[in-house]
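Q: I'm new to this one and would like to learn how to read it. Can we go through it together, starting with a single residue?

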Amino acid sequence: MKKRYSELYDLNKDLINGYKIRANNHTELLNCLRAVNQAIQRAGRLRVGKPKNQVITACRDAIKNNNVNALFKIMRAGTASSSL
């Protein structure tokens with residue numbers, strides 16, 4: 001019986017450690033997403049009207065397509081097709 005409680009204790013400890021790791025990863029992910037979103041909003045605020053919406057939409061599309069280089073170009077120049 002003592003051995004089973006010890007195994008249960010170890011299993012519970014492993015589960016708690018796994019949860020802590022997932023919770024920390026989730027928190028870090030949310031912080032990174034906030035930072036990316038703030039950067040996109042700042043890039044959009046450099047423009048007014050339709051170009052602002054186009055930049056924000058293009059940035060979000062670049063993120064969806066996992067295209068970091070295009071994201072940086074869009075933030076800098078306002079469009080991914082511009083050559084710098």
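Q: Is leucine 71 buried or exposed?
A: Keep in mind that this is a predicted model. The idea is to look at relative accessible area, where under 20% is called buried. Leucine 71 has 10%, so it falls on the buried side.

Q: Where is leucine 71, and which residues is it in contact with once its neighbours within four places in sequence are left aside?
A: Leucine 71 sits in helix H3. With those sequence neighbours set aside, leucine 71 touches Cys59, Ala62 and Ile63.

Q: How far apart are leucine 71 and isoleucine 40 in sequence and in space?
A: Separation along the chain and separation in space are two readings to take side by side. Here, leucine 71 and isoleucine 40 are 31 residues apart in sequence, and their C-alpha atoms are 9.1 Å apart.

Q: And what about asparagine 66: buried or exposed?
A: Use that accessible area again, with over 50% counting as exposed. Asparagine 66 comes out at 65%, so this residue is exposed. Asparagine 66 belongs to the loop that links helix H2 (50–64) to helix H3 (68–77). Its backbone is worth a look too: phi is near 60°, a positive value in a residue that isn't glycine.

Q: How many helices and strands does the chain have?
A: Count three helices and zero strands, which reads as α-α-α along the sequence. The chain's radius of gyration is 22 Å, well over the 12 Å that the globule rule gives for 84 residues, so the chain is more spread out than a compact globule. The box around its C-alpha atoms, taken along the principal axes, is roughly 70 × 20 × 15 Å.

Q: What share of the residues is buried, and what supplies the exposed area?
A: Now we go from single residues to the whole chain. Buried residues account for 15% of the 84. About 7,000 Å² of the chain is exposed, with 56% of that coming from carbon and sulfur atoms.

Q: Which domains does UniProt place here?
A: An unreviewed UniProt entry gives "BBS2 hairpin" for residues 1–45. In the model that stretch is 98% helix and 0% strand, with its end C-alpha atoms 66 Å apart. The unreviewed UniProt annotation for residues 50–76 is "BBS2 C-terminal helix bundle". Residues 50–76 are 89% helix and 0% strand, and the end C-alpha atoms of this stretch are 17 Å apart.

Q: How many positive and negative side chains are there?
A: The chain carries 16 positive and 5 negative side chains. The centres of those two sets lie 16 Å apart.

Key. Residues are numbered from 1 along each chain as its sequence is written. This is a predicted model: local features need pLDDT of at least 70, side-chain atom pairs count only at pLDDT 80 or more; totals for chains, interfaces and linings use all residues. Side-chain values use heavy atoms; hydrogens and water are left out. UniProt positions are given in the numbering used here, feature names are shortened, and annotations may be inferred rather than shown by experiment. Helices (H or I, at least four residues) and strands (E, at least two) are DSSP runs, numbered from the N terminus. The radius of gyration is taken over C-alpha atoms; the globule rule is 2.2 Å times the number of residues to the power 0.38. Buried means under 20% relative accessible area, exposed over 50%, partly exposed in between (1.4 Å probe, protein chains only). Accessible areas come from the Shrake-Rupley method with a 1.4 Å probe; for residues, only the protein chains shown count as cover. Lys and Arg count as positive and Asp and Glu as negative; His and the chain ends are not counted. The place of a charge is taken as NZ of Lys, CZ of Arg, CG of Asp or CD of Glu. Contact means heavy atoms within 4.5 Å.
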